[in-house]
Protein chains: 6
Amino acid sequence: MADWLTTLQTDTPQEGFELAITLARKGVAYTQTNAEVRDKLRPAYAENADSLTAASHVIATHFQTIAAANNYWK
Amino acid sequence: MADWLTTLQTDTPQEGFELAITLARKGVAYTQTNAEVRDKLRPAYAENADSLTAASHVIATHFQTIAAANNYWK
Amino acid sequence: MADWLTTLQTDTPQEGFELAITLARKGVAYTQTNAEVRDKLRPAYAENADSLTAASHVIATHFQTIAAANNYWK
Amino acid sequence: MADWLTTLQTDTPQEGFELAITLARKGVAYTQTNAEVRDKLRPAYAENADSLTAASHVIATHFQTIAAANNYWK
Amino acid sequence: MADWLTTLQTDTPQEGFELAITLARKGVAYTQTNAEVRDKLRPAYAENADSLTAASHVIATHFQTIAAANNYWK
Amino acid sequence: MADWLTTLQTDTPQEGFELAITLARKGVAYTQTNAEVRDKLRPAYAENADSLTAASHVIATHFQTIAAANNYWK
């Protein structure tokens with residue numbers, strides 16, 4: 001896979017949050033490498049509240065890492 | 001998306017808890033960007049105890065991050 | 001909502017544990033703001049072992065935060 | 001509830017692990033305060049592999065807290 | 001139970017990972033103390049992808065603890 | 001098992017992310033040691049959105065550990 005993650009440093013907490021979303025999706029993409037399959041799964045998934053909460057949990061876990069890496073943008 | 005997260009610093013633990021709730025919801029909103037769909041999912045979700053516990057777990061994860069970022073408001 | 005969380009400092013680990021329980025419940029209460037609905041959900045939930053384990057997990061996550069905030073009551 | 005948690009300090013990692021188990025169970029007991037109900041739930045729960053894994057996850061979360069509180073017994 | 005956990009220190013990250021697996025299993029064994037029952041549960045469990053992912057998550061949580069206890073083997 | 005984890009240090013965050021994936025899979029492989037069974041489970045698993053999210057969560061947990069071990073590649 002091409003370079004997609006060269007640093008955890010971001011300018012703002014919001015960019016850090018968006019990086020957390022990228023990491024959460026990459027975790028899925030490395031496991032299911034076929035983009036077509038991922039696209040097919042998306043509609044049902046995005047209309048299931050529990051699936052959305054689970055996705056939000058993964059983002060939260062990555063955001064912990066990124067926030068600490070940025071010394072919480074203090 | 002417009003700026004919505006410029007700092008993790010809050011004046012009180014309670015404001016930090018409420019920011020954690022915002023982050024948990026943003027994790028959902030970035031995944032399901034259609035607000036109408038999210039509103040449609042809400043009633044069933046909010047009457048399911050396990051769904052509520054899962055939401056509370058995501059909040060707890062974000063609260064860890066925010067509390068640490070605020071040096072636990074010591 | 002009225003002030004309910006002004007500090008994470010507690011006198012003892014047990015009080016910290018009980019604060020963790022409060023935070024876990026607040027995460028639910030902010031999501032389902034109707035107390036009547038929450039009360040209606042309680043009986044089935046409290047007799048389901050997996051639901052109880054999930055609740056215990058949220059408490060454990062908050063207890064991590066509170067214990068660290070109190071420097072582990074060392 | 002009587003005092004049951006006065007310190008997170010333990011003499012050995014194993015005692016810390018056993019304290020983590022106590023905390024995981026207390027999280028359940030505070031949520032379902034009726035011991036009879038908890039006893040009734042136990043058999044089915046303890047024969048379900050996924051329930052056991054979930055219980056083990058809660059223990060792991062508490063063990064993180066306790067291990068850090070004991071400076072990892074270094 | 002006999003002594004089984006006297007230290008979190010290991011010589012290598014791999015030994016730390018293997019200790020994490022031991023801790024994850026001990027969390028199950030303390031909850032279901034009957035080894036025969038655990039053995040009976042194993043086959044179905046080990047052929048269920050979601051159960052395996054859940055087990056891997058518990059290991060990951062313990063590995064965090066052990067890695068920190070060993071200062072990440074730096 | 002042969003040596004497969006001698007260090008948590010990586011040159012880049014991306015290599016750290018890829019190591020996190022390896023650890024997540026190893027957690028499965030130690031639990032289900034039969035590679036044929038794992039291969040058989042893969043197709044259904046990789047087409048289930050919730051299974052993919054769960055896998056991504058385990059990766060996120062390991063990535064926390066690895067990122068901290070590398071001082072967040074600062």
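How many residues does the contact take from chain A and from chain B? In this predicted model, 27 residues of chain A and 33 residues of chain B take part in the contact. The size of an interface is often given as the accessible area lost when the parts come together. For chain A and chain B this buried area is about 2,500 Å², with 63% of it on carbon and sulfur atoms. On the side of chain A, three residues supply more of the area buried against chain B than any other three: A:Q14, A:F17 and A:Y72, which give 22% of it.

The charged and polar pairs between chain A and chain B were counted next. One salt bridge is found between the two chains. This salt bridge is formed by B:K40 and A:E47, whose closest N and O atoms are 3.5 Å apart. In addition, 13 residue pairs are in polar contact between chain A and chain B, counted where both residues have a pLDDT of 80 or more. The side of chain A that touches chain B draws at least two residues from each of three helices, namely α1 (13–31), α2 (35–46) and α3 (49–69). Of these, α3(A) makes the largest share, with 13 residues. By class, this side of chain A holds 14 nonpolar, seven polar and six charged residues.

A second interface lies between chain E and chain D. Here 33 residues of chain E are in contact with 27 residues of chain D. The area buried between chain E and chain D is about 2,500 Å², and 63% of it is on carbon and sulfur atoms. One salt bridge crosses the interface of chain E and chain D. It joins the side chains of E:K40 and D:E47, at 3.6 Å from N to O. Across this interface, 13 residue pairs are in polar contact, again with both residues at pLDDT 80 or more. The helices α1 (13–31), α2 (35–46) and α3 (49–69) of chain E each provide at least two residues of the side that touches chain D. The largest share of that side comes from α3(E), which supplies 11 residues. The side of chain E that touches chain D is made up of 17 nonpolar, 13 polar and three charged residues.

The arrangement of the copies was then examined. A turn of 60° with a shift of 0.0 Å along the axis lays chain E on chain D, with an RMSD of 0.0 Å. The two copies are therefore related as by a six-fold rotation axis. In chain E, the residue that comes closest to the rotation axis is E:T61, with its C-alpha at 6.9 Å. Only 15% of the interface residues of chain E are also interface residues in chain D, so the copies meet through different surfaces.

Chain A can likewise be laid on chain B, by a turn of 60° and a shift of 0.0 Å along the axis, with an RMSD of 0.0 Å. The C-alpha of chain A nearest the axis belongs to A:T61 and lies 6.9 Å from it. Only 19% of the interface residues of chain A are also interface residues in chain B, and the copies therefore meet through different surfaces.

Some pairs of chains are not in contact. Chain A and chain E are not joined by any contact, and their closest C-alpha atoms are 12 Å apart. Chain B and chain E do not touch either, with 14 Å between their nearest C-alpha atoms.

Terms used. Residues are numbered from 1 along each chain as its sequence is written. Chains are lettered from A and ligands numbered from 1 in the order in which they are written. This is a predicted model: local features need pLDDT of at least 70, side-chain atom pairs count only at pLDDT 80 or more; totals for chains, interfaces and linings use all residues. Side-chain values use heavy atoms; hydrogens and water are left out. Contact means heavy atoms within 4.5 Å. Buried area is the accessible area (1.4 Å probe) that two parts lose on being put together, summed over both. A salt bridge is a side-chain nitrogen of Lys or Arg within 4 Å of a carboxyl oxygen of Asp or Glu. A polar contact is a pair of N or O atoms within 3.5 Å; within protein, one must be able to donate a hydrogen and the other to accept it, and residues adjacent in sequence count only if both atoms are side-chain atoms. Helices (H or I, at least four residues) and strands (E, at least two) are DSSP runs, numbered from the N terminus. Ala, Val, Leu, Ile, Met, Phe, Trp, Tyr, Cys and Pro count as nonpolar, Asp, Glu, Lys and Arg as charged, and the others, Gly among them, as polar. Copies are superposed by least squares on the C-alpha atoms of residues with pLDDT of at least 70 in both.
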